[in-house]
Amino acid sequence: MRPKIILTLISLMFLTVVNCQKHFDIIIVGGNPGGITAAIAAAREGKTSLILERTAHIGGLPVNGLGATDIGTKEATTGLFREFADRNYEYYVKKYGKDSKQVKDCVGGIHFEPSVASRTFGEMISECGDKITVLTMRQFDSEPQNLEMEDDRIAAITVINRNTGEKEFYTADVFIDATYEGDLGAAAGVPFRLGREGYSEFQEPGAGRLYKYWMGPEADGTTNQADNAVQSYNYRLCLTNDPSNRRMIEKPANYDRDEFVSLIDDVWSGRHTNAPMQNVTDDMMQENRCHIEQGNPTMIPGDNWGIAKITNIVGLPNAKTDANNQHGALISTDLPEENWPWPTSSWEWRDKYAQRLKDYTLGLFWFAQNDKALPENFRKAAREWGFAKDEYTDNDNFPRQVYVREGRRFEGVYFFTAHDALPVLPGQRPPIHVNSITASHYGLDSHAVRKREQGRVHLDGFFSYETEPYTVPYGVIVTKEIDNLLIPVPVSGSHVGFSTLRMEPCWMAMGQAAGVAASIAMDDKVKVRNVDIEKLQDRLLDQNATLIYFKDLVYTDPDFKLAQKAAMKGYLTGWNADLHAPVDVATLKEWQKLSGKTVNAEAGKTPRIDILKQIIN
């Protein structure tokens, strides 16, 4: 075993060569959006960060095909996510003109091309100057020997430089796990969960083993029992039907036709898994075969045709798409079951799976576009699409990163479940967390965990349930065990609860909170779990974050911050702040009792905002 003092001296000499810097305030493992926003937020607090990214490119999934942002209420999550979206929008306005189709297709900056996302992240990082150091091709293997621990703190980390094969050693005051897998926290010994909780544990909708029509009712086979199944991964593809920028998809070397033959009958019969399928009869499917034989597309309600049969396409600027798994299909770009080992496996195993998934994806598209057992007009429609030639130019126009929807889920200070995103009563909010670090909104959403099974209406595990804008408590990014570790990406939650937190806007907001919290912990010399919550919330509001969503306020309103603070203290609990409405008698009494102050106000006349200004410091 190497003596600690010698190891430290060697590492400091190396760091001086790399960055002319002997120590970082924060080390962030993972250069995805959650890691990037953590670094930017910390930089704006005056702290230095080192981002260690395993691939040659930072940016995570938005830079690798996820260009159609998954968000329910756009105004619910602001801060650095909103800044990212605004910069995308400004890019399209400046380059193409305010009234251009590109600006319309970018939907205010939340729909973007992968290369534009990369550009925006690069700009945001570069503006932080020497506060942020990014090192790509640095691999962290999730093993305890790659961390140096001092009591309950991480003191240093060892990574592999994938370009040289050499080990590198880095030190910092605070560490942030921004990996999709939770590799850093696991190496540090933080307890985590894999697979699905059963309904009996938290009484969550969609828990455990589940079969249901997409956007329809549950079906036979549903038991809601817990298991070890991990929701499927895929690649988010950037496709185009613009012939001038289209690269046709080629048959992969490891093509296996047998993997895709089930698609043949699905196309001819019109079989799918959307809700309308529950009313489709065998006679209707037989009629559909005859209809297609005559050169027509499918006539089955809810069925898709051409490339849309195997991938869900959402438009992006410049005739490009974010092509995701087709939720209404029994075979699509997800590859369930085979990914289950990913969260806890070595990078050697993960790289093999990534190549397997790439071969499968290419094979599926080649089959749909070329196999003669499929209808000719189906193949022709499918061949309208190919890869965008100007994206991922160093990787054959294919995304460089697997969409890891869910890895390890840590058991942190607060464990987030579906009930944290669901209204406590119809029409009301979900529970308000007074230690909120961001508002967020997306449905409870999980992909399949198993491949097609005989007699099942859909793949096991697919679900989507509506939520309302909710608050995210600080405890989901804080561990109980490690004093200087924050976990804004592999956060603390159940499978169903995590299924809404895992969207990139929320990950970016939690990353921003982690960067600010790390800065405060260093300044105040406290454990990250003991950070002053009001101070954290004040700093986040200064960085234009939203802690709780109000339907009648936006973050640029002059009284927005005051309303946010009032809500965190229990004064505003409804969907509207109604700041300029006159206070009623009951509210005036309630607020005076809550504050312990006698305010200068007259019920029915004094605006609510005037009272809150007297109460809120």
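Colleague: Which residue in S18 does Ser436 stand opposite?

Modeller: Happy to help! Keep in mind that this model is predicted. In S18, the residue facing Ser436 is Pro473. Strand S15 (residues 436–440) pairs with S18 in the antiparallel sense, over four bridges.

Colleague: Are the faces of strand S18 covered or not?

Modeller: For a strand, look at each side in turn. S18 covers residues 470–473, and both of its faces are covered. Tyr470 and Val472 are buried on one side, while Thr471 and Pro473 are buried on the other.

Colleague: Now helices. What should the 13 residues of helix H5 span, and how far apart are its end C-alpha atoms?

Modeller: Compare an expected span with the one in the model. The expected span is 1.5 Å times one less than the number of residues. For H5 (residues 114–126) that should give 18 Å, and the end C-alpha atoms are 18 Å apart, so the two agree.

Colleague: Which residues of H5 are buried, and what covers them?

Modeller: The buried ones are Pro114, Val116, Ala117, Thr120, Phe121, Met124 and Ile125. Their cover includes helix H2 (33–43), helix H3 (79–96), strand S3 (132–135) and helix H13 (504–524).

Colleague: How many disulfides does the structure hold?

Modeller: Zero. Take Cys106, which is in no disulfide: the nearest cysteine sulfur, that of Cys238, is 15 Å away. A disulfide needs the two sulfur atoms within 2.5 Å.

Colleague: Is Cys128 buried or exposed?

Modeller: Buried means under 20% relative accessible area. Cys128 has 12% relative accessibility, so Cys128 counts as buried. Cys106 is buried too, with a relative accessible area of 0%.

How values were computed
Residues numbered from 1 in each chain as written. Predicted model: local features only at pLDDT ≥ 70, side-chain atom pairs only at ≥ 80, totals over all residues. Heavy atoms only, no water. Helix = DSSP H or I, 4+ residues; strand = E, 2+ residues; numbered from the N terminus. Buried < 20%, exposed > 50% of the residue type's maximum accessible area, 1.4 Å probe, protein only. Contact = heavy atoms within 4.5 Å. Pairing = 2+ DSSP bridges.
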